[in-house]
Amino acid sequence: MKKIVASILITLTTLTSYVHAKIVVIANPAGPDKLTKAQVKKIYLGKSKKLGGKKVEAINLKSGQETRNQFLSGVVGKNANQYKSYWARRVFTGKGKPPKEVGSESAVVSYVASHKNAIGFVDESKVTSKVKIVYR
């Protein structure tokens, strides 16, 4: 009985963390003030490399992180395997290279804060005053 209760609690805790996770796109304070879902999607698919005439650099979390999976499915419209395959095809055909990857959400915030043309995505709870939210 204790194992069943423990399993239920673990499952509920996991589901609750997914429900509460609110993924946002962040930019350097010198970057754009607002982006649309379509703009973010194009940037992360390598179909748009500029915003307002300025180069933009997308920062991605390393594969396997739940925040990345939620972002890919909710904004880009692909699961992790589809996204990996998409970029493998683009690289093979010489049509670009995937966004730079970093290991943690705090690394995303740090990178975006120190590079004026960078954007990234994190759980809203990870946002600091060094960056601004440009898409919810």
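Modeller: Helices and strands are DSSP runs of at least four and at least two residues, numbered from the N terminus. Read that way, this predicted model has a protein chain with the pattern α-β-α-β-β-β-α-α-β-α-β-β.

Colleague: How many helices and strands are there in the protein chain?

Modeller: The protein chain holds five helices and seven strands.

Colleague: What share of the 136 residues is buried?

Modeller: Buried means under 20% relative accessible area. Buried residues account for 35% of the 136 residues in the protein chain. As for contacts with a separation of 6 or more, 71% of them join residues 24 or more positions apart.

Colleague: Let us take a helix pair. At what angle do the axes of H2 and H3 cross?

Modeller: The crossing angle of the H2 and H3 axes is roughly 120°, and the axes come within 10 Å. That makes H2 oblique to H3, because the range for roughly perpendicular is 65 to 115 degrees and the one for roughly antiparallel is over 145.

Colleague: Which residues of H2 and H3 meet?

Modeller: From H2 there are Lys37, Val40, Lys41 and Tyr44, and these meet Phe71, Gly74, Val75 and Val76 of H3. Sorted by class, the contact of H2 with H3 has five nonpolar residues, one polar and two charged.

Colleague: Tyr44 and Phe71 both carry rings. How many aromatic pairs does a search of the whole structure find?

Modeller: A pair of aromatic rings is described by the distance of the centres and the angle of the planes. The whole structure has four aromatic pairs. One of them joins tyrosine 44 and phenylalanine 121, with 5.7 Å from centre to centre and 65° between the planes, an edge-to-face arrangement. Tyrosine 44 sits in helix H2 and phenylalanine 121 in strand E6, so this pair links parts of the chain 77 residues apart.

Colleague: Are tyrosine 44 and phenylalanine 121 buried or exposed?

Modeller: Tyrosine 44 counts as buried because its relative accessibility is 0%. Phenylalanine 121 is buried too, at a relative accessible area of 1%.

Colleague: Why is the pair of phenylalanine 71 and phenylalanine 121 described as stacked?

Modeller: The ring planes of phenylalanine 71 and phenylalanine 121 are at 5° and the centres 3.9 Å apart, so the pair is stacked. This pair also links distant parts of the chain, with phenylalanine 71 in helix H3 and phenylalanine 121 in strand E6, 50 residues apart. Phenylalanine 71 has 1% relative accessibility and therefore counts as buried.

Colleague: What do Tyr44, Phe71 and Phe121 form?

Modeller: Tyr44, Phe71 and Phe121 make up one aromatic cluster.

Colleague: Now the charged side chains. How many salt bridges does a search of the whole structure find?

Modeller: A salt bridge needs a side-chain nitrogen of Lys or Arg within 4 Å of a carboxyl oxygen of Asp or Glu. The search finds three. In one of them, aspartate 33 meets lysine 132 at 2.6 Å, N to O. Aspartate 33 is in the loop between strand E1 (23-27) and helix H2 (37-44), while lysine 132 is in strand E7, 99 residues away. Aspartate 33 counts as exposed because its relative accessibility is 61%.

Colleague: Which side chain meets glutamate 101 in a salt bridge?

Modeller: Arginine 68 meets glutamate 101, at 2.9 Å, N to O. Glutamate 101 lies in strand E5 and arginine 68 in helix H3, so the pair ties together parts 33 residues apart in sequence. With 5% relative accessibility arginine 68 counts as buried, whereas glutamate 101, at 36%, counts as partly exposed.

Colleague: What is the N to O distance between arginine 136 and glutamate 124?

Modeller: The side chains of arginine 136 and glutamate 124 meet in a salt bridge at 2.2 Å. Arginine 136 is in the segment after E7 and glutamate 124 in the loop between E6 and E7, so parts 12 residues apart in sequence are tied together. Arginine 136 is exposed, with a relative accessible area of 53%, and glutamate 124 is partly exposed at 27%.

Colleague: One loop residue to finish. Where is proline 98 found?

Modeller: Proline 98 is in the loop between helix H4 (80-92) and strand E5 (100-102). Beyond its neighbours within four places in sequence, proline 98 is in contact with Trp87 and Val91. The C-alpha atoms of proline 98 and tyrosine 86 are 9.4 Å apart, at a sequence separation of 12 residues. Proline 98 counts as partly exposed because its relative accessibility is 38%.

Methods. Residues are numbered from 1 along each chain as its sequence is written. This is a predicted model: local features need pLDDT of at least 70, side-chain atom pairs count only at pLDDT 80 or more; totals for chains, interfaces and linings use all residues. Side-chain values use heavy atoms; hydrogens and water are left out. Buried means under 20% relative accessible area, exposed over 50%, partly exposed in between (1.4 Å probe, protein chains only). Contact means heavy atoms within 4.5 Å. Axes are lines fitted to C-alpha atoms, for helices over the stretch in contact, and angles run from 0 to 180 degrees between N-to-C directions. Angles under 35 degrees count as roughly parallel, over 145 as roughly antiparallel, 65 to 115 as roughly perpendicular and the rest as oblique. Ala, Val, Leu, Ile, Met, Phe, Trp, Tyr, Cys and Pro count as nonpolar, Asp, Glu, Lys and Arg as charged, and the others, Gly among them, as polar. Rings of Phe, Tyr and Trp (its six-membered ring) pair if their centres lie within 6.5 Å; planes under 30 degrees apart count as stacked, over 60 as edge-to-face and the rest as tilted.
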